[in-house]
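Here is a quick walk through the secondary-structure packing of one chain. Have the viewer open while you read.

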Amino acid sequence: PSVPRHTNRLINERSPYLLQHAHNPVDWYPWGQEAFDKAKAENKLIFLSVGYSTCHWCHVMEEESFKSKEIGEIMNEHFVCIKVDREERPDVDKVYMTFVQATSGGGGWPMSVWLTPDLKPFAGGTYFPPEDGVHRVGFRTVLLRIAEQWKENKDALLESSQRILEALRHTSEIRVQGQESPPPAKEVMDTCFQQLSRSYDEDYGGFSKSPKFPTPVNLNFLFTYWALHRTTPEGARALQMALHTLKMMAHGGIHDHIGQGFHRYSTDQHWHVPHFEKMLYDQGQLAAMYSKAFQISGDEFFADVVRDILLYVSRDLSDQAGGFYSAEDADSYPTTTSTEKQEGAFCVWTAEELRALLPDPVKEATEGTTLGDVFMHHYGVEEAGNVDPMKDPHQELKGKNVLIARCSPELTAARFGLEPPLLSALLQECRQRLSSARARRPRPHLDTKMLAAWNGLMISGFAQAGAALAEQRYVSRAAQAAAFLRTHLFDPDSGRLLRSCYRGKDNSVEQNAVPIQGFLEDYVFVIQALFDLYEASLEQGWLEWALHLQHMQDKLFWDPKGFAYFSTEAGDSSLLLRLKDDQDGAEPTPNSVSVTNLLRAACYSGHMDWVEKAGKILAAFSERLQKIPITLPEMVRATSVFHHTLKQVVICGDPQGEDTKEMLRCVRSVFSPNKVLMVADGDSTGFLYRQLPFLASLERKDGKATAYVCSNFTCSLPVTSVQELREMLSP
């Protein structure tokens with residue numbers, strides 16, 4: 001590579017996204033005091049650009065505008081320019097995205113916002129083309145117009161920014177109204193189910209026509225709804241909706257049939273042509289959802305998808321120290337000699353390529369059949385490519401094929417006169433060959449930032465999969481990642497979590513000069529992960545750490561006046577608003593998960609004030625839960641857990657004894673959304689016995705491992721038979 005012409009301050013950052021912009025001719029600053037001071041000293045407006053390293057349109061805007069010397073000069077002359085990685089600083093992203101959505105009716109990345117020197121927004125949008133077009137004003141024009149306004153109408157701009165801020169403060173406030181109590185579970189659950197049912201796609205699964213997102217929060221809600229309504233037609237429909245969606249996604253192009261794992265979302269109704277980046281948070285949540293689907297259905301198909309996701313994460317998103325990387329990009333170079341990246345280049349195939357890679361005759365099939373014929377039929381490959389031109393506006397996928405399982409294995413086997421087990425082996429051989437061929441292509445960019453929150457979601461995925469599939473290696477991987485968090489993303493002196501760390505030179509783990517403190521989502525997803533890991537491993541140290549972090553979360557984020565948790569802690573003067581997320585999206589909102597975390601924490605500690613706190617969160621969101629529960633399916637699910645009271649399933653026995661292990665296997669194989677699991681091993685000095693004195697009164701019956709199902713620390717009669725235990729676990 002040639003020596004770069006420009007280098008700005010971002011060269012000193014750790015974030016892969018910020019480093020991507022370190023050689024732009026724009027004089028970028030990271031978010032911080034140096035930039036704020038410069039804006040005030042020079043009385044300049046701030047241009048804030050927010051994105052992330054695997055964002056396709058962020059790359060486009062960089063290529064078109066931020067690499068342009070001419071546009072760079074305009075930006076440097078009139079503005080103090082700040083770059084933010086939204087994954088590193090979700091707090092900054094959320095404040096200004098709230099503004100952009102409120103003023104433009106839409107949002108997304110790259111986000112472009114203009115601020116006064118005291119950080120108040122007054123204009124904003126997302127992607128801008130560099131020059132004026134028929135339908136859109138170009139970025140250069142917008143920059144010059146805003147600079148002119150600041151020169152001519154400064155007072156009006158300042159006044160407008162103050163009015164906007166006051167309006168945002170008012171509209172974004174979520175607080176308990178009067179004597180509000182948690183909403184009734186039945187009505188909220190039923191309304192949410194009806195709203196999801198109306199938006200459900202009967203043919204292809206999912207909850208919209210296009211684009212289609214995995215939305216694990218919807219599936220998690222449907223599983224719980226089924227568990228509480230098993231014998232009703234509505235319960236049966238809820239389960240069918242969730243399982244059909246998971247099956248269609250696994251067959252679709254959103255699932256990487258060669259390299260494993262799931263892409264971000266589908267651009268069409270059929271789960272066929274994806275937006276190709278792969279995000280850690282999707283893998284973690286989908287591993288958990290497919291594990292639950294396997295628990296409920298017993299269908300090995302779902303267990304295979306779990307193994308597929310965890311293979312991808314273990315191989316491609318794992319740091320050697322134990323943490324998980326954030327994402328893989330959608331764009332890559334088609335060949336080693338290409339000069340321009342294309343979306344999906346790493347994953348797509350021409351029919352010609354596949355014929356060349358799979359020429360072998362299949363002697364058991366009808367005469368003249370090759371491996372290529374079988375594979376191309378099964379995965380919907382077409383000679384001219386199988387991508388609808390409407391879904392390929394830049395013609396990057398012309399003549400290419402995105403693999404999608406078009407037929408059931410039985411139909412493909414019948415088509416070629418093959419036995420199903422042989423077909424399965426042939427397709428596996430084909431996939432391995434394609435995987436080897438793909439390994440010779442230039443790989444997409446890997447974002448090696450490691451975030452506490454997303455690592456938490458992935459630990460939950462491994463832990464839940466390990467428990468449901470009875471695979472100890474997955475539990476061990478979850479424990480390795482939790483130990484990584486404890487070493488690299490936790491400050492033992494302050495007892496607080498850190499947001500991020502980074503893969504450095506020589507594969508070391510590096511930290512920012514001033515580490516970013518953890519946000520609410522970091523605490524919430526790590527606490528959830530530690531509870532999941534305790535239930536899968538029975539290591540009480542994880543439980544102890546989870547309860548410590550819950551106390552810390554209460555201290556840093558709880559709103560004592562309006563109830564529920566703020567997303568950020570108090571005291572950062574650069575953040576104009578302290579917000580509470582009010583919508584479950586690609587990840588559940590932290591307050592939704594906090595309700596269940598608090599109920600679990602109370603079961604493991606005996607601190608009943610945590611149950612009260614859970615109720616106060618539901619009270620703060622009560623109006624939204626009753627009017628549009630579909631926006632908060634995870635909190636609706638938590639409402640039912642709150643009203644049904646968690647069952648404490650206590651197994652008294654030696655954790656290494658076969659009889660105890662058999663009971664544990666039984667508990668872990670049953671999907672029961674309102675239980676917590678613990679083992680009373682007789683060690684009265686252990687952490688659990690110190691927290692829960694009632695455990696000392698529970699005994700083994702006839703010297704065998706014995707189970708008790710307790711509610712609010714009042715226990716059932718003891719059972720020693722696995723069959724009886726299974727019946728007691730059903731809601």
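## Where two helices meet

In this predicted model, helix H12 brings Val-306, Leu-310, Val-313 and Ser-314 up against Met-458, Phe-462 and Ala-465 of helix H17. Sorted by class, that contact has six nonpolar residues and one polar residue, with no charged ones.

How do the two helices sit relative to each other? H12 covers residues 300–316 and H17 covers residues 452–468; their axes come within 11 Å and cross at roughly 135 degrees. Angles over 145 degrees would count as roughly antiparallel and 65 to 115 as roughly perpendicular, so H12 ends up oblique to H17. As for handedness, H12 passes H17 in a left-handed crossing.

## The five-stranded sheet

Now for the sheet. It's an open one with five strands in the order E1-E3-E2-E4-E5, and the pairing is mixed. Strand E1 (28–30) and strand E5 (121–125) are the edges, each pairing on one side only. From one strand to the next, the twist averages 30 degrees.

Which residue stands opposite Phe-47? That's Trp-114 in E4. The strands involved are E2 (residues 45–51) and E4 (residues 111–115), an antiparallel pair held over five bridges. In general, strands of a sheet pair through backbone hydrogen bonds, either parallel or antiparallel.

## Helices on the sheet

Two helices are worth picking out here. Helix H2 (residues 33–42) packs on the sheet and touches E1, E2 and strand E3 (79–85), with its direction at about 160 degrees to that of E3. Helix H6 (residues 139–152) lies across E2, E3, E4 and E5, and runs at about 15 degrees to E4.

## Strands E13, E16 and E17

Further along the chain, strand E16 (residues 500–503) runs antiparallel to strand E13 (residues 449–451), and three bridges join them. Here Leu-451 stands opposite Ser-500 in E16.

E16 also pairs with strand E17 (residues 509–510), again in the antiparallel sense, over two bridges. In this pairing, Tyr-502 stands opposite Glu-510 in E17. E16 and E17 form a hairpin with five residues between the strands, and Asp-506 takes a positive phi there, near 55 degrees.

## Domains

Zooming out, the chain is divided into domain 1 (10–172), domain 2 (347–440) and domain 3 (648–729). How far apart are the C-alpha centres of domain 2 and domain 3? They lie 50 Å apart.

Notes. Residues numbered from 1 in each chain as written. Predicted model: local features only at pLDDT ≥ 70, side-chain atom pairs only at ≥ 80, totals over all residues. Heavy atoms only, no water. Pairing = 2+ DSSP bridges. Helix = DSSP H or I, 4+ residues; strand = E, 2+ residues; numbered from the N terminus. Domains from an automatic or database assignment. Axes fitted to C-alpha atoms, helices over the stretch in contact; angles between N-to-C directions. Parallel < 35°, antiparallel > 145°, perpendicular 65-115°, else oblique. Left-handed = near helix turned anticlockwise from the far one by under 90°. Contact = heavy atoms within 4.5 Å. Nonpolar A, V, L, I, M, F, W, Y, C, P; charged D, E, K, R; others polar.
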